[in-house]
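This briefing introduces one protein chain to a reader who has not met it before. Please view the sequence and the structure below, then continue with the notes that follow.

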Amino acid sequence: MKGGKSKSDAKNTKLSVNKKPAKAAGKKSGKAAKDPNKPKRPASAFFVFMEEFREQYKKEHPKNKSVAAVGKAGGDKWKSMSESEKAPYVSKAEKRKIEYEKKLKAYNKGQAEGPKEEEESEKSVSEVNDEDEEDEDGSGEVSWQMNCNC
């Protein structure tokens, strides 16, 4: 056959799908681990407004379970509000921001002093326990299956 592939050739060729390589369990891509002790950022004026608006909206519409509907209604109301109506929410947000900055300074000061003595080493507790179990058999050898990182 000129110019084309036979049916048998077509059956033998497989379509390749570009799959992303599977990530190793427990590893994160490029991001540093978040510190659970770090203070959370304060809510903006809009989110302070939404805290109150959600409660009000739930009272007026008790059967509505849609988060999107609440968000859309809150966003529409926020856009229609004047600057004077938004002022109390802006002031609450500013107070929260000042409090956050105080907590962040204290947190950063503690970080600058150095790591605490209570922190674990790089090995997790389970890795340390696994090593203890391997040594209990008395052979002192570690099998290749236990240390395989495949």
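Helix H4 bends by about 30° at Tyr89. The coordinates described here come from a predicted model. The chain has 6 helices and 0 strands, and its order along the sequence reads α-α-α-α-α-α. The points below begin with the whole chain and then turn to helices H2, H3 and H4, the elements that give two or more residues to the largest nonpolar core.

**The chain as a whole**

- Of the 150 residues in the chain, 13% are buried.
- The accessible surface amounts to about 14200 Å², and carbon and sulfur atoms account for 52% of that area.
- Among contacts with a separation of 6 or more, 66% join residues that stand 24 or more positions apart.

**Helix H4**

- Helix H4 covers residues 83-112, which is 30 residues.
- From its first C-alpha to its last, H4 reaches 41 Å, close to the 44 Å expected at 1.5 Å a residue.
- Tyr89, the site of the bend of about 30°, is also one of the buried residues of H4.
- The other buried positions in H4 are Lys86, Ala93, Tyr100, Leu104 and Tyr107.
- The cover over the buried residues of H4 includes helix H2 (45-60) and helix H3 (67-80).
- Just after H4, Gly114 adopts a positive phi of about 115°.

**Helix H2**

- The 16 residues of H2 should span 22 Å at 1.5 Å a residue, and the 23 Å between its end C-alpha atoms agrees with this.
- Ala45, Val48, Phe49, Met50, Phe53 and Tyr57 are the buried residues of H2.
- These buried residues of H2 pack against H3 and H4.

**Helix H3**

- H3 has 14 residues and reaches 20 Å between its first and last C-alpha, close to the expected 20 Å.
- Its buried residues are Val70, Gly74, Gly75 and Trp78.
- Seen down the axis of H3, the buried residues fall within an arc of 130°, so they line one face of the helix.
- On the other side of H3, the residues Ala68, Lys72, Lys79 and Ser80 are exposed.
- H2 and H4 are among the elements that cover the buried residues of H3.

**The largest nonpolar core**

- The largest nonpolar core holds 11 residues: Ala45, Val48, Phe49, Met50, Phe53, Tyr57, Val70, Trp78, Met81, Tyr89 and Ala93.
- Two or more residues of this core come from each of H2, H3 and H4, and H2 gives the most, with 6 residues.
- Trp78, a member of this core, touches Ala45, Phe46, Phe49, Lys86 and Tyr89, leaving aside residues up to four places away in sequence.
- Tyr89 thus appears in several of these notes: H4 bends at Tyr89, the core includes Tyr89, and Trp78 touches Tyr89.

**An exposed position on H4**

- Lys95 lies in helix H4.
- Lys95 counts as exposed because its relative accessibility is 62%, which is over the 50% cut-off.
- Lys95 and Pro42 are separated by 53 residues in sequence, yet their C-alpha atoms are 9.2 Å apart in space.

Notes
Residues numbered from 1 in each chain as written. Predicted model: local features only at pLDDT ≥ 70, side-chain atom pairs only at ≥ 80, totals over all residues. Heavy atoms only, no water. Helix = DSSP H or I, 4+ residues; strand = E, 2+ residues; numbered from the N terminus. Expected span 1.5 Å × (residues − 1). Bend = angle between axes of the 7 residues up to and from the residue. Buried < 20%, exposed > 50% of the residue type's maximum accessible area, 1.4 Å probe, protein only. Contact = heavy atoms within 4.5 Å. Core = buried A, V, L, I, M, F, W, Y, C linked by side-chain atoms within 4.5 Å. Areas by Shrake-Rupley, 256 points an atom, 1.4 Å probe, with all protein chains shown as cover. Arc of directions from axis to C-beta.
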